[in-house]
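Please look over the sequence and the model below before reading on. The briefing that follows takes one helix, then a nonpolar core, and then a few single residues.

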Amino acid sequence: MKLLTTIAAVLISISAYSQDYVEYNEGVFFRYGEEISLNKVEGLMNQYQVPFYPVRLNGLRGQIRNCENDFRRIRMLSLSIIETPIMALGTGLFGLVSLVYADDGDMLGTVGFGIITVSLAAATAYFPHMAYVHSTKDRCQNKVDKLCEKLVEKLNKKIEAKYKLLGY
């Protein structure tokens, strides 16, 4: 009888523990097998004190808006295509300026323009990726899915940590 009670308690705690997880599948969040909104996910992230959740949710909401609105998606694509050669040109220009300052022995100017050069080079590499992501609605939705999966993973880790703390 004692063994039966222990097994029942373990099964109840496991089922209660596993039901509290949030799942994401094809653009929809689920909890307890029911669909929930992004606002409810935000409430859960606040409840379980997920770090930086406003930043993550705002990035997700922005990406969702970009994907749902064709004008915004095409604008992001166009700006990325236009800005890539501008950033590449700026990388070369500021690289030359930093070399001139290095030749003169001015370390402050060399470091400052070197940082600008590296930043422009990073932007030159990032903008083609952004253009690729926003080139079709499916690719844009894939980006949203990845962001949602990361968000759900962080939330579920916090839920798991809370249940471990409670002894489940």
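In this predicted model, helix H4 covers residues 70-104, and because each residue should add 1.5 Å, its 35 residues are expected to span 51 Å. The C-alpha atoms at the two ends of H4 are 50 Å apart, which agrees with that expectation.

**Helix H4 and its surroundings**

- Along its course, H4 bends by about 30 degrees at glutamate 83, and within four residues of that position there follows a proline, proline 85.
- The N-terminal end of H4 is capped by asparagine 69, which has a side-chain oxygen 3.0 Å from the backbone nitrogen of phenylalanine 71.
- Just after H4 comes glycine 105, which takes a positive phi of about 90 degrees.
- Which residues of H4 are buried? They are Arg73, Met76, Leu77, Ser80, Thr84, Gly90, Thr91, Gly95 and Ser98, and what covers them includes helix H3 (53-68), helix H5 (107-133) and helix H6 (137-166).

**The largest nonpolar core**

- In soluble globular proteins, nonpolar side chains tend to be buried together.
- The largest nonpolar core here has 22 residues, and those that touch the most other members are Val22, Phe29, Val41, Met45 and Leu155.
- Two or more residues of this core are given by each of strand S1 (22-25), helix H2 (38-47), H3 and H6, with H6 supplying the largest share, 8 residues.
- Leaving aside residues up to four places away in sequence, methionine 45 touches Val50, Tyr53, Leu57, Leu151 and Leu155.

**Single residues to find in the model**

- Serine 119 lies in helix H5, and its C-alpha atom is separated by 8.2 Å from that of threonine 91, although the two residues are 28 residues apart along the chain.
- Is serine 119 buried, partly exposed or exposed? Its relative accessibility is 44%, and because partly exposed residues fall between the 20% and 50% limits, serine 119 counts as partly exposed.
- Tyrosine 32 sits in the loop between strand S2 (28-31) and strand S3 (34-36), where its phi is near 60 degrees, a positive value in a residue other than glycine.
- With a relative accessible area of 49%, tyrosine 32 is partly exposed.
- Phenylalanine 52, found in the loop between H2 and H3, has a positive phi of about 60 degrees although it is not a glycine.
- The relative accessibility of phenylalanine 52 is 61%, so this residue counts as exposed, the limit for that term being over 50%.

Definitions and conventions: Residues are numbered from 1 along each chain as its sequence is written. This is a predicted model: local features need pLDDT of at least 70, side-chain atom pairs count only at pLDDT 80 or more; totals for chains, interfaces and linings use all residues. Side-chain values use heavy atoms; hydrogens and water are left out. The expected span of a helix is 1.5 Å times one less than its number of residues. The bend at a residue is the angle between axes fitted to the seven residues ending there and the seven starting there. Buried means under 20% relative accessible area, exposed over 50%, partly exposed in between (1.4 Å probe, protein chains only). Contact means heavy atoms within 4.5 Å. A polar contact is a pair of N or O atoms within 3.5 Å; within protein, one must be able to donate a hydrogen and the other to accept it, and residues adjacent in sequence count only if both atoms are side-chain atoms. A nonpolar core is a set of buried Ala, Val, Leu, Ile, Met, Phe, Trp, Tyr and Cys residues joined through side-chain atoms within 4.5 Å.
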